[in-house]
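You asked for a few notes to help you find your way around this one. Here they are, in numbered points, to read with the viewer open.

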Amino acid sequence: MGSSLPAKEANLFKIIVKSYETKQYKKGLKAADSILKKFPEHGETLSMKGLTLNCMDRKTEAYELVRRGLKNDLKSHVCWHVYGLLYRSDREYREAIKCYRNALRIDPDNIEILRDLSLLQAQMRDLSGFVETRQQLLTLKPNHRMNWIGFAVAHHLNSNSSKAIEVLEAYEGTLEDDYPPENERYEHSEMLLYKISLFEECGMLDKAVEEMHKKESKIVDKLSFREQMACILLKLGRFEESEKIYRSLLFMNPDNYKYFIAIQKCLDMYSENGQYSTDDIERLQALYKSLKEEYGWSSAVKRIPLDFLDGEKFQEAADNYVRPLLTKGVPSLFSDLSPLYEHPGKANILEELFLKLEDSIRTSGCFPGSSHMEPPSTLMWTMFLISQHYDRRGQYDIALDKIDEAISHTPTGKILQHAGNFPAAAALVDEARSMDLADRYLNSECVMQMLQADQVGLAEKTAVLFTKDGDQHNNLHDMQCMWYELASGESYYRQGDLGRALKNFLAVEKHYADMTEDQFDFHSYCLRKMTLRAYVSMLKFQDRLHAHEYFHKAAAGAIRCYMKLHDSPSKSSTEENDEMSKLPPAQRKKLRQKQKKAEARAKREAEEKQEDETTSSNTSKSGKKQNTRPVDLDPHGEKLVQIEDPLAEGTKYLKLLQNNSADSLETHALSFELNMRKQKILLGFQAVKQLIKLDESNPDSHRCLIKFFHKINNLPSPGTDSEKLIWNVLEAERPDLRQLHGKSLAEVNRSFLEKHNASLIHRAAAAEMMYLLEPDKKLEAIKLIEDSVNNTASGNGAPGPAREWNIQDCIDVHKLLVTIFGDQDVANSWKTRCAEYFPYSTYFEGSKSATAAYSAVSLEDSSENGVLANVQVKTVDGKTCTLNGTVDELCDLSIS
Amino acid sequence: MGAGEGDASATKEKGGVDRTSLDGVRDNNVMQLKKLNTVLFPVRYNDKYYKDTIASKDFSKLAYYSDICVGAIACRLEKKEGGAVCVYIMTLGVLAPYRGLGIGSKLLNCVLDLCEKQDVPEIYLHVQTNNDDAISFYKKFGFEITKTIEKYYKNIMPPDCYVLTKFIGQAATKK
């Protein structure tokens with residue numbers, strides 16, 4: 001490095017490099033400048049100066065210098081390396097890899113560059129390249145532990161576990177017998193456990209056990225050792241030994257459900273689907289009875305039997321389980337029990353049990369059969385539990401009655417409830433929140449309800465109460481508070497504010513990009529610290545990252561926004577233009593100037609603010625370079641709305657969804673919508689095929705299928721070659737769709753209807769399609785919807801009828817009637833009908849929906865509640881409701 | 001203002017005291033006191049009441065039964081002529097289902113102990129003349145009737161009240 005310079009300058013060059021490494025950028029800059037005085041075109045110096053400037057936030061200069069440096073000295077690996085580093089700092093990893101490769105061509109054995117390259121390859125999952133680079137590093141420096149380990153991990157990631165084991169064994173062969181020294185025992189132990197997990201992965205179970213016995217003394221993480229041992233023994237079918245270890249593990253943590261399940265497996269008493277024969281149940285019951293004697297303080301041992309017991313035994317066990325928790329007052333009791341509601345029989349037993357308990361406490365103050373006086377709060381908790389029970393069963397009336405009773409019993413209990421009445425729920429929760437301003441959970445719950453009720457402004461105010469600086473909205477973003485961003489995105493979307501909606505959705509997407517980014521530091525850190533098992537599982541997690549539910553929601557939300565933008569291009573600009581065109585030219589000019597001035601002012605202010613922040617953070621002198629937050633120039637997402645090609649943007653996110661949530665119906669429904677808008681017939685067809693494959697009886701799948709072929713049938717016959725090609729593909733594929741065999745679309749629709757005759761959403765889909773296919777049958781279609789029957793749920797002996805329809809479906813149907821059928825009268829009568837089913841719904845303006853009537857005790861002085869009461873849930877007008885992926889109609893589609 | 005309503009007659013089982021804990025009244029939880037008062041008393045208290053309560057610091061307490069707020073004592077600190085501070089109990093109350101568990105006594109005792117520690121010479125309250133339960137409750141703690149004020153209450157019958165006072169630090173009261 002620094003070659004071709006005279007001694008003095010060569011020394012200065014060393015100073016630049018050292019200053020860069022020690023982050024003394026000013027010093028480095030000075031040294032660079034004094035070299036450049038004499039040798040203004042010295043490539044490596046120019047490059048290093050650029051790199052230094054890059055760290056001082058002077059990006060454009062940096063790129064300029066680095067590029068000039070490279071041009072002056074194309075044969076220097078330093079210049080290429082620096083160029084790569086620059087790209088890396090801007091997260092342009094592909095470009096960075098190219099630069100490194102060029103550098104290595106010049107200096108193939110440069111260890112630093114090889115190491116940097118290997119990190120990027122790991123990040124980009126260029127696994128075969130990663131193996132190669134790691135091998136080179138090992139060949140160059142075989143005495144480094146990290147190089148051995150790195151090579152092994154590379155093989156493992158590249159799905160070659162047995163090779164990885166070989167590498168590790170070879171590495172062990174280089175070690176002395178008394179290895180490891182005291183201060184590296186943990187690292188060594190982690191390596192051994194990693195190797196054992198590799199054995200396990202390759203199915204070499206006996207080998208794994210053998211290894212574990214041999215190395216037991218060197219493994220310091222005894223818990224992992226035992227867990228792994230027990231797990232491998234179980235796989236080997238050495239049940240007795242495995243069970244013994246699991247029991248000893250239970251002694252350490254008697255509430256780990258995994259241990260219980262494993263013991264069941266050891267004893268051949270486990271079934272994946274939770275189905276057991278009477279015989280099994282008896283054996284299980286005996287098992288847990290004995291476990292309970294041993295681990296009496298475990299709550300898992302009492303809870304698990306509720307899953308497999310049934311009938312009287314279930315009732316008895318549930319009774320024993322619930323009583324002490326009611327006495328103690330455990331608010332989460334219901335969510336603990338709620339999985340049991342999957343079995344309708346159990347729900348009925350629970351109901352009976354709860355009512356019996358309530359009655360007994362009410363009359364005697366004791367639980368049935370007990371003479372011990374219960375504390376008064378038990379009654380309240382019991383009523384609370386019963387209320388949640390009815391809420392779960394959809395019997396909102398009784399649920400609300402119960403909760404009211406509980407509230408009047410103990411009005412300060414923090415109780416929340418909702419039944420399709422979002423503003424009321426928000427007001428109630430806000431009241432609960434005001435009871436204890438220091439309760440983070442209530443605060444969050446409150447914000448969520450407000451967002452559901454589209455009270456975004458209020459919600460934001462409330463949400464920031466719990467952020468650090470109190471008034472910084474950005475803080476929520478920094479904390480990656482995604483549920484908040486998602487919910488406000490959805491809310492803005494409902495209100496038609498696409499800019500802000502997009503902004504929120506994209507913020508979530510950004511978080512995920514950041515998370516992918518965050519793994520970068522671990523590639524070197526984990527190899528050094530030997531936390532290999534954690535490292536590999538982290539990488540696997542990262543690979544699945546974008547399949548996460550929040551990302552899915554955000555991407556779907558963004559795609560919907562983009563489609564809506566496409567269907568009705570940016571309102572703000574067209575409206576503005578309309579307004580402007582009404583004005584005389586002179587005034588128009590004035591207005592324009594005014595706008596420009598305002599924009600400029602806003603920009604200036606933003607910049608000033610940024611400068612302020614920069615200076616203040618510099619003066620704060622906190623050693624480390626502080627990240628100054630760039631001021632958000634587009635707080636309302638107005639720029640986001642004005643993009644050229646919203647569909648192309650949407651496609652970006654669609655691709656991520658298709659790669660990561662291929663099993664979701666919504667993904668393909670969105671793909672269908674998007675591609676049909678883009679006139680990509682074949683891609684649209686693919687989406688239809690996927691939908692049918694995933695769930696042919698889903699109403700959305702059905703809609704897409706019919707819409708697609710309806711569209712195709714109505715197209716003019718193909719003209720160009722490419723059109724003919726598409727046509728041929730469709731003709732060839734068509735017979736594969738079983739649904740269509742020899743039937744007209746109308747017939748397909750009819751048979752779909754017959755199959756799912758009893759379901760509201762299916763009927764609605766069929767009606768919508770009937771209207772699409774045969775517009776003259778509009779009345780018949782509407783009648784189809786109107787004739788739907790809201791059945792009383794069967795097998796329920798409880799007081800008050802529980803009905804099958806849920807409120808969201810009914811709202812969707814209402815929107816369908818308004819937008820597709822455009823029949824206000826029918827829609828209104830539907831609304832009236834639903835208002836009866838959902839008396840608390842503000843959407844249907846049910847009889848009990850007025851917030852004031854329901855706000856338990858409206859305190860006069862809390863004016864906030866008063867304000868809330870006037871806010872109604874806004875209807876999404878215009879397009880169909882897209883909350884749950886209902887499909888829009890297609891218009892003006894043709895092959896061009 | 002200030003109908004002493006504590007009618008917790010601590011005669012029943014005392015099991016409740018173990019489950020009860022006390023906490024001060026602050027901005028963050030004053031809404032709980034408001035909520036309690038709407039249920040406990042027929043009077044709606046004004047903002048000054050709550051300000052005084054919070055200002056009295058440790059002399060006002062909320063009682064939590066298994067983490068549920070079920071009762072409160074709210075006091076006001078008053079300056080007497082000569083500079084001595086005395087305590088006026090504005091309200092003391094416990095939710096109906098939780099009465100008879102000794103929670104009221106616990107609240108009052110807490111305040112009395114504090115008075116003793118801080119050398120507060122006098123603690124007093126007003127009580128409607130027909131509220132026998134309350135009167136006997138306070139008498140058990142060494143309060144005595146020191147005055148009768150006629151037509152103290154405007155909207156309730158009888159309108160007269162007693163002033164119940166406990167002098168602290170003097171040789172134990174005559175009782």
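1. In chain A, among contacts with a separation of 6 or more, 61% are made by residues 24 or more positions apart. Keep in mind as you read on that this is a predicted model.

2. As for what chain A is built from, you'll find 47 helices and 0 strands. The chain has 896 residues, and 49% of them are buried. Its accessible surface is about 44,700 Å², with carbon and sulfur atoms holding 51% of that.

3. Now chain B, which has both kinds of element: 5 helices and 7 strands. Following the sequence, they come in the order α-β-α-α-β-β-β-α-β-α-β-β. Buried residues account for 53% of its 175 residues. If you take the contacts between residues at least 6 apart in sequence, 67% of those in chain B link residues at least 24 apart. About 8,600 Å² of chain B is exposed, and carbon and sulfur atoms provide 49% of this area.

4. There's one annotated stretch to look up. UniProt, in an unreviewed entry, lists residues 77-110 of chain A as "repeat: TPR". In the model, that span is 79% helix and 0% strand, and the C-alpha atoms at its two ends sit 9 Å apart.

5. How do helix 32 and helix 37 of chain A lie relative to each other, roughly parallel or roughly antiparallel? Their axes are 11 Å apart and meet at an angle of about 20°. Angles under 35 degrees count as roughly parallel, so that is the label this pair gets. The crossing of helix 32 and helix 37 of chain A is left-handed. To see the packing, pick out helix 32 (residues 549-567) and helix 37 (residues 665-677). On the helix 32 side the residues involved include A:H552, A:I559 and A:M563, while those from helix 37 include A:T667, A:L670 and A:L674.

6. Towards the start of the numbering, have a look at A:A31 in helix 2 (residues 25-38) of chain A. With a relative accessible area of 5%, A:A31 is buried. Leaving out residues up to four places away in sequence, A:A31 touches A:L12, A:I15 and A:I16. From A:A31 to A:V17, 14 residues away along the chain, the C-alpha distance is 9.8 Å.

7. A:S224 is another one to click on; you'll find this serine in helix 13 (residues 222-236) of chain A. Its relative accessibility is 16%, so A:S224 counts as buried. Setting aside residues up to four places away in sequence, A:S224 is in contact with A:L193 and A:R533.

8. Two loop residues in chain A deserve a check of their backbone angles. A:R125, which isn't a glycine, has a positive phi near 60°. It belongs to the loop between helix 7 (111-124) and helix 8 (127-140), and at 24% relative accessibility A:R125 is partly exposed. A:S159, also not a glycine, has a positive phi of about 55°. This serine is in the loop between helix 9 (145-157) and helix 10 (161-173), and A:S159 is exposed, at 66% relative accessible area.

9. Last, a peptide bond in chain B. Going from B:M157 to B:P158, the bond is cis, with omega near -15°. Where is B:P158 found? Look in the loop between strand 6 (144-149) and strand 7 (161-167) of chain B.

Note on methods
Residues are numbered from 1 along each chain as its sequence is written. Chains are lettered from A and ligands numbered from 1 in the order in which they are written. This is a predicted model: local features need pLDDT of at least 70, side-chain atom pairs count only at pLDDT 80 or more; totals for chains, interfaces and linings use all residues. Side-chain values use heavy atoms; hydrogens and water are left out. UniProt positions are given in the numbering used here, feature names are shortened, and annotations may be inferred rather than shown by experiment. Helices (H or I, at least four residues) and strands (E, at least two) are DSSP runs, numbered from the N terminus. Buried means under 20% relative accessible area, exposed over 50%, partly exposed in between (1.4 Å probe, protein chains only). Contact means heavy atoms within 4.5 Å. Accessible areas come from the Shrake-Rupley method with a 1.4 Å probe; for residues, only the protein chains shown count as cover. Axes are lines fitted to C-alpha atoms, for helices over the stretch in contact, and angles run from 0 to 180 degrees between N-to-C directions. Angles under 35 degrees count as roughly parallel, over 145 as roughly antiparallel, 65 to 115 as roughly perpendicular and the rest as oblique. A crossing is left-handed if the near helix is turned anticlockwise from the far one by less than a right angle, and right-handed if clockwise.
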